[in-house]
Amino acid sequence: MNRTTMAPRALVSQRTVRQPRPWRNSVVQVSGLLGGPMGPSGNGGGVQRPQKLVIPGEQGPRQGGPKLVLPGKRGPPSGGNPPSPSNAGPIPQAPAQPGGYSNFRPPPGFMDDGGEADGALESLSTQEMLDRLQQTRGYWHELATYLPKLQREGIDGSIVEEMSGVDRRTQNMWVNSSIVYKSLKKSGEMSEQSLAYFDQEGGERLLHELRFLSVEQRVAAAIYIVEQQMDDRESTLLAKSVKEHERRKGENEGFTGSPADCMAYKHYRDALENKRGDQVAEYIKRGLAVAESNGAREALEELAASVELEVENKASGIDEVKLISVRLLKEETGYKPIPVVGNLATLDPAVVAGAPKAATQGVFSKFALPTEASSHSYDWVPIPSWSATATASRPVAIEVTNCAKLHAMRVTSGVSNDRDAIKIQGEGLVVADIDTVFDDATSYYVAQDAEGSFDLLTLDAVPNPSTIVGKVILLCRPPARQTAESFDANDM
C-alpha cells in the first residue's frame, strides 16, 4: 500500500481545470434576459458601434477603458466612481440547465465555526474571490471558504461555474471535504506536516468519504491515510471499512476498531462472502497484510486454514462436510411438558387425579419424566410456555375429538348453527389446572353435567361441584391444515 510520497504542499493551482466559457457567450445569455446587449434601448438599431464587452446592469457605454463589472452591479456614470457593494442591485440567477446538477448549497452550519471567517477572507472583494477561483490560486480547502460568502452575496454555484470554470460537483466536494479538514485541524491531534498531505491536488477526494465518520474516527483514519500514503480509492475503502466494522458489532470478534483492523475485517468479510477459492485466498492475504492485532490475525489464519482444508477435500474427491448451526429463539425453547389424561368423552377422574408433573430446567428447557410407579401410562405433549400455562400449578391435557360439538366452544365463537360450526370443527386439547381453587365464576371447568358426562361448564352450571376435576386454562387447536384434512361436514 506504501508508495512514493507526493509533494506535501503541492498547490491546487497546478491542476488542470476546465476553462470557463468565453465571456461573450456568458454575457449574451444573461443580458438577453435584461433587454438586449446594445444599451438601454435594447433594439440594436442605429449606428453600428465597435464590438465591445457589454455587462448586464450597465447603463450605456463605459468611459475610461474596459473594466470587468459583475452581473447585477450597476456601472458608474461617466466620470464617476464605482458604487459600493451595498448599493449594488440584485444579481440575476443563471437559468437552470435541464438534466444538470442542482445549484450549489453549502451544508448547514458551514460558516458557524467562527475561526475561518477571518479578516483576510472578509477583506477580499467578490471579484478577487472569483479571480482566485478561476486561477485556482490557493489550496482547495482555502478556496472552499469563498463559496459560502459568494452564496450570501447572491452568486450561486452555476454563476461561479460560469465565471471560474469550477464545476458544481467540485464545489460541493470542496465544501464537504473542507468541513472534515477543519475538524481534523481543530482536533489538535494531527501535525502540520500530516495535514499538508491533504493539500495536494485531489486532497479533497481523500477526505470526502470521511464525512460520514465521527470526529474520533476521522482523526484515526486521516492519520492512517497519511502513514500509508493512500490514494482516494483506498481512502474511500477505509471509510467504508470503518462503518462496516461499527455496524457489525457482535460479529467482529478479534478485530479492534483501529483503521488497520477495520481494513482487515473488510477483507475478512469479503473472503467469507466470496465463492471463488482464488479470490478468497487473495482477500485473506490482503487482510493479513494490514491486520495489526493478534485477534485479527488469528481470525484470518483460521479462515485460511479452513479454506485450505476445503480445497484439499475437493482435490481428493471428498464431499464438502457442513455443520448446520441454528440459533434458537426464546419462544422456540419456551415450552412446558404436560401429561395427557385421556379423552373428554371417556375421562376417568382417578387418572386425572394421579397425573404426574414434570418441570423444565436449563436454557434448553430440559425435563425428565417422573419415575414413580403408576397404574396408568401417560402420554406427554409440549405446550408453549405462555403466561397462562407457566403459572398453572399442575396442568394436564384432555383430548377433544371435535371442538364443534362443545357447547362452550360454540358460545365463545358465536356459532349458532351447524353450518357455521364448520369453522371450529376439528381436534382440540383442553389444558386444565387440577391443583387450584375452583371458585372463579368467569372461567370454565371440566365437570360432569346432569347426565353424568364430562363437559366444559361454567361454575353456576355445574350440578355437583364435587365432580369438578380441573379449571380450564385454554383450549388448543392444531394448525388449520391439519384441521381441514382431519374432518369434514359429515363428522358433525
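This passage walks through the sheet, the nonpolar cores and a helix crossing in a predicted model.

The sheet makes a handy starting point. It is open and built from seven strands, which line up in the order 4-1-5-6-9-7-8 with mixed pairing. At its edges sit strand 4 (379–384) and strand 8 (454–458), each of them paired on one side only. Going from one strand to the next, the twist averages 45°. Inside the sheet, strand 6 (residues 428–433) and strand 9 (residues 470–476) run antiparallel and are joined by five bridges. Along this pair, D433 stands opposite K471 of strand 9.

Then there is the nonpolar interior. The largest core counts 55 residues, and F198 and L210 are the ones with the most contacts inside it. Helix 12 (residues 259–273) is the biggest giver here, putting seven residues into this core. As for L210, once its neighbours within four places in sequence are set aside, its contacts are V180, R218, A221, A222, I225 and A239. A second core, separate from that one, has 26 residues, among them V396, V400, V446 and L456.

Some of the residues touching L210 turn up again where two helices cross. Helix 7 (residues 168–187) and helix 10 (residues 215–228) have axes that come within 10 Å and cross at roughly 90°. An angle of 65 to 115 degrees counts as roughly perpendicular, and the two helices, helix 7 and helix 10, are therefore roughly perpendicular to each other. On the helix 7 side, the meeting residues are I179, V180, S183, L184 and S187, while helix 10 brings R218, V219 and A222. Sorted by character, the residues of this contact between helix 7 and helix 10 come out as five nonpolar, two polar and one charged. V180 from helix 7, along with R218 and A222 from helix 10, is also in contact with L210, which ties the crossing to one of the residues with the most contacts inside the largest core.

A last stop is H245, which lies in helix 11 (residues 232–247). Its relative accessible area is 11%; since buried means under 20%, H245 is therefore buried. Apart from neighbours within four places in sequence, H245 is in contact with N252, F255, T256, G257, C262 and Y265. Two of these, C262 and Y265, fall within helix 12 (residues 259–273), the helix that gives the most to the largest core.

Note on methods:
Residues are numbered from 1 along each chain as its sequence is written. This is a predicted model: local features need pLDDT of at least 70, side-chain atom pairs count only at pLDDT 80 or more; totals for chains, interfaces and linings use all residues. Side-chain values use heavy atoms; hydrogens and water are left out. Two strands pair if DSSP finds at least two bridges between them. Helices (H or I, at least four residues) and strands (E, at least two) are DSSP runs, numbered from the N terminus. Axes are lines fitted to C-alpha atoms, for helices over the stretch in contact, and angles run from 0 to 180 degrees between N-to-C directions. A nonpolar core is a set of buried Ala, Val, Leu, Ile, Met, Phe, Trp, Tyr and Cys residues joined through side-chain atoms within 4.5 Å. Buried means under 20% relative accessible area, exposed over 50%, partly exposed in between (1.4 Å probe, protein chains only). Contact means heavy atoms within 4.5 Å. Angles under 35 degrees count as roughly parallel, over 145 as roughly antiparallel, 65 to 115 as roughly perpendicular and the rest as oblique. Ala, Val, Leu, Ile, Met, Phe, Trp, Tyr, Cys and Pro count as nonpolar, Asp, Glu, Lys and Arg as charged, and the others, Gly among them, as polar.
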